[in-house]
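The following exercises concern the structure shown below. Each task is followed by a solution in steps.

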Amino acid sequence: MLKSGFFHDPYAITKFLSFCLSSSTFSSYAQDVFLNGLDRPDTFLWNLMIRGLSSSDQPQSSLLLYHRMLSSSAPHNPYTFPFLLKACSNLSAFQETTQIHAHLTKLGYANDVYSVNSLINSYAVTGRFNHARLLFDRIQEPDLVSWNSVIKGYAKAGEMDTASTLFRKMPEAKKNAISWTTIISGYVQAGMNKEALQLFHEMHNSNVPPDKVSLASALSACAQLGALEQGRWIHSYADKERISIDSVLACALIDMYAKCGDMEEALRVFKNRKKAKSVQVWTALISGYAYHGLGGEAMNTFMEMQKMGVKPNAITLTAVLTACSYTGLVEQGKSVFYTMERDHNVKPTIEHYGCVVDLLGRAGLLDEANRLVQKMPMKANAVIWGSLLKACQIHKNIELGERIGEILIGMDPNHGGRYVHTANIHAMGGKWDKAAETRRLMKDKGVVKVPGCSMISLEGTTHEFTAGDRSHAEIEKIRTKWRTVRRELEGNGYVPELEDVLLDLADDEEREAIVHQHSEKLAVKCLPAGSEMIWRIKGQK
């Protein structure tokens, strides 16, 4: 371009800079050419550079370039600020957002719809909902982007009541697939999976075609609820509408089928993926095998993906270690863990350490697990200590369990399970005074243990139970059926394991709920004879 004289041709330089900015490899070269090779670039080129850098892996570069723009006295136009605010959103930069807000107000763009929408999004992303809502409420007629931006901000922060209220106020004519997908995804992220599926079906009935993101979110909700039939319907809908199954949808389908108990269909989705399988798709299958306790299959898949030239990432290795933990593959798990940095260039994170601690604890290698915790380069969290405490309880290592229990109560004082498990450890060692003292401490602090929750999907409807639940419409029939089964079991010599239940610390009603009214037992007896059983268990028992 220099030799041919095209370097100063506006069309040629625009194409050249656009090409360089499209790749992170050449973005710094584009900046060098722009700042040092061009004489007084116009506003269009400044905006081109700011836009390209705002979408790069270094969005702060666009803010630095804006400072150069100010110092060079280059004129602005309405398109300058949305790009800058996009960079602020990517950086979650609140202070910079307020500064740009001041600039655009000073320059007379405070009512520009594109700038205002970008401001709403940036304030929402940085968690300043009062700023975002104030701007939104000042708009006389919010457009689609205005509505979606403010709803997205609340949904992303888990403020689903406010997000839902705004969504319902939004004119039906303005709602598009992004509007519906935003609120559905928000419900899934907030763990409100029933609400997510209800809204997904409402979206379908509103004649708004679901996009791939909404389908993936709905499938995630099905996975968490164990709603196999609804997941199958979504899969058939995608096939019927000829929606291509990309990596995101393939992962969502594999995860849904695996968590809903249909591992064969999960494998079928994996094999039907004709295009080169991404590391995410391989990881989804390995996670599915881990979920089903199929450690051998998980390890074989892990080896196969490497033979196919797919490099595992940190999440893949977490799935592999989880599979080893669930199936007792101690040596294989340790080998993966201790070679992951050398073989795969992945530095172990706290999640990887947690998997190995769980692996060793389940295998009864408590001293080795404890030594690993002490040698961790980061501070162990409550999840790791809780895993080790449970292992101490299973393998009856009272001394170590008591030490860990005290650590956990100090670290996680509002978690009821920490007190209960610590009290159980004291009771197993015959230290009834300490067990009673721990339970009293829990009561004095007003901490309650979250009851176990099981969900079972029957003919497209999800039924939810908690321990001792009486809210189900058929609860009396369910409990009667369980008492019949219980008598049959006891007649065949069944005796429930009560070692983990502090019966001397429970009254008669609590004792009945603990031993005979587990949420799983209630859910199982809700199941008609000969039906397919899929259940999900949440919380703690």
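**Exercise 1. The surroundings of a helix**

Which helices are included in what covers the buried residues of α22?

Solution. The model is a predicted one. Step one is to list the buried residues of helix α22, which spans residues 366-375: they are Leu366, Ala369, Asn370, Leu372 and Val373. Step two is to place these residues around the axis; they cover an arc of only 155°, and therefore lie on the same side of α22. Step three turns to the other side of α22, where Asp367, Gln374 and Lys375 are exposed. Step four identifies the cover over the buried residues, which includes α20 (330-344), α21 (350-362), α23 (382-395) and α24 (398-411).

**Exercise 2. The second largest pocket**

Determine the volume of the second largest pocket and describe its lining.

Solution. The space in the second largest pocket amounts to about 330 Å³. Its lining consists of 15 residues, of which Asn117, Asn121, Val145, Ser149 and Lys152 are the closest to the centre. Next, assign the lining to elements: α5 (80-91), α7 (113-125), α9 (144-156) and α11 (177-189) each give two or more residues. The largest share, five residues, is that of α9. Finally, sort the lining of this pocket by residue class: nine residues are polar, four are nonpolar and two are charged.

**Exercise 3. Two serines of α7**

Compare the settings of Ser118 and Ser122, both of which lie in helix α7.

Solution. Begin with accessibility, for which the cut-off for a buried residue is under 20% relative accessible area. Ser118 counts as buried because its relative accessibility is 16%. Ser122 is buried as well, since its relative accessible area is 0%.

Proceed to the polar partners. The side chain of Ser118 reaches the backbone oxygen of Tyr114 at 2.9 Å. For Ser122, the polar contact is between its side chain and the side chain of Thr97, at 2.8 Å.

Then set aside neighbours within four places in sequence. Ser118 is in contact with Pro82 and Leu85. Ser122 touches Leu85, Cys88, Ser89 and Thr97. Leu85 thus appears among the contacts of both serines, and Thr97 is a residue that Ser122 touches as well as its polar partner.

**Exercise 4. A loop residue and a helix residue**

Is Glu159 buried, partly exposed or exposed, and where is Val269 found?

Solution. Glu159 is located in the loop between α9 and α10 (160-169). Its relative accessible area is 39%, so Glu159 is partly exposed. In sequence, Glu159 and Tyr187 are 28 residues apart, while their C-alpha atoms are 9.6 Å apart in space.

Val269 belongs to helix α16, residues 263-272. Val269 counts as buried because its relative accessibility is 8%. Not counting residues up to four places away in sequence, Val269 touches His235, Ala250, Leu253, Ile254 and Tyr257. Val281 is twelve residues from Val269 along the chain, with 9.9 Å between their C-alpha atoms.

**Exercise 5. The chain as a whole**

How many helices and strands does the chain have, and what percentage of its residues is buried?

Solution. First, the secondary structure comprises 29 helices and three strands. Second, the chain has 541 residues, and buried residues make up 49% of them. Third, consider the contacts between residues at least 6 apart in sequence: 60% of these join residues at least 24 apart.

Definitions and conventions:
Residues are numbered from 1 along each chain as its sequence is written. This is a predicted model: local features need pLDDT of at least 70, side-chain atom pairs count only at pLDDT 80 or more; totals for chains, interfaces and linings use all residues. Side-chain values use heavy atoms; hydrogens and water are left out. On a 1 Å grid over the protein atoms alone, a cavity is a set of points where a 1.4 Å probe fits but cannot get out, and a pocket is an open set with protein on both sides within 12 Å along at least five of seven lines; lining residues have an atom within 4 Å of a point. Grid points are joined across faces, edges and corners, and a volume is the space filled by probe spheres set on the points. Helices (H or I, at least four residues) and strands (E, at least two) are DSSP runs, numbered from the N terminus. Ala, Val, Leu, Ile, Met, Phe, Trp, Tyr, Cys and Pro count as nonpolar, Asp, Glu, Lys and Arg as charged, and the others, Gly among them, as polar. Buried means under 20% relative accessible area, exposed over 50%, partly exposed in between (1.4 Å probe, protein chains only). The arc is that of the directions from the helix axis to the C-beta atoms. Contact means heavy atoms within 4.5 Å. A polar contact is a pair of N or O atoms within 3.5 Å; within protein, one must be able to donate a hydrogen and the other to accept it, and residues adjacent in sequence count only if both atoms are side-chain atoms.
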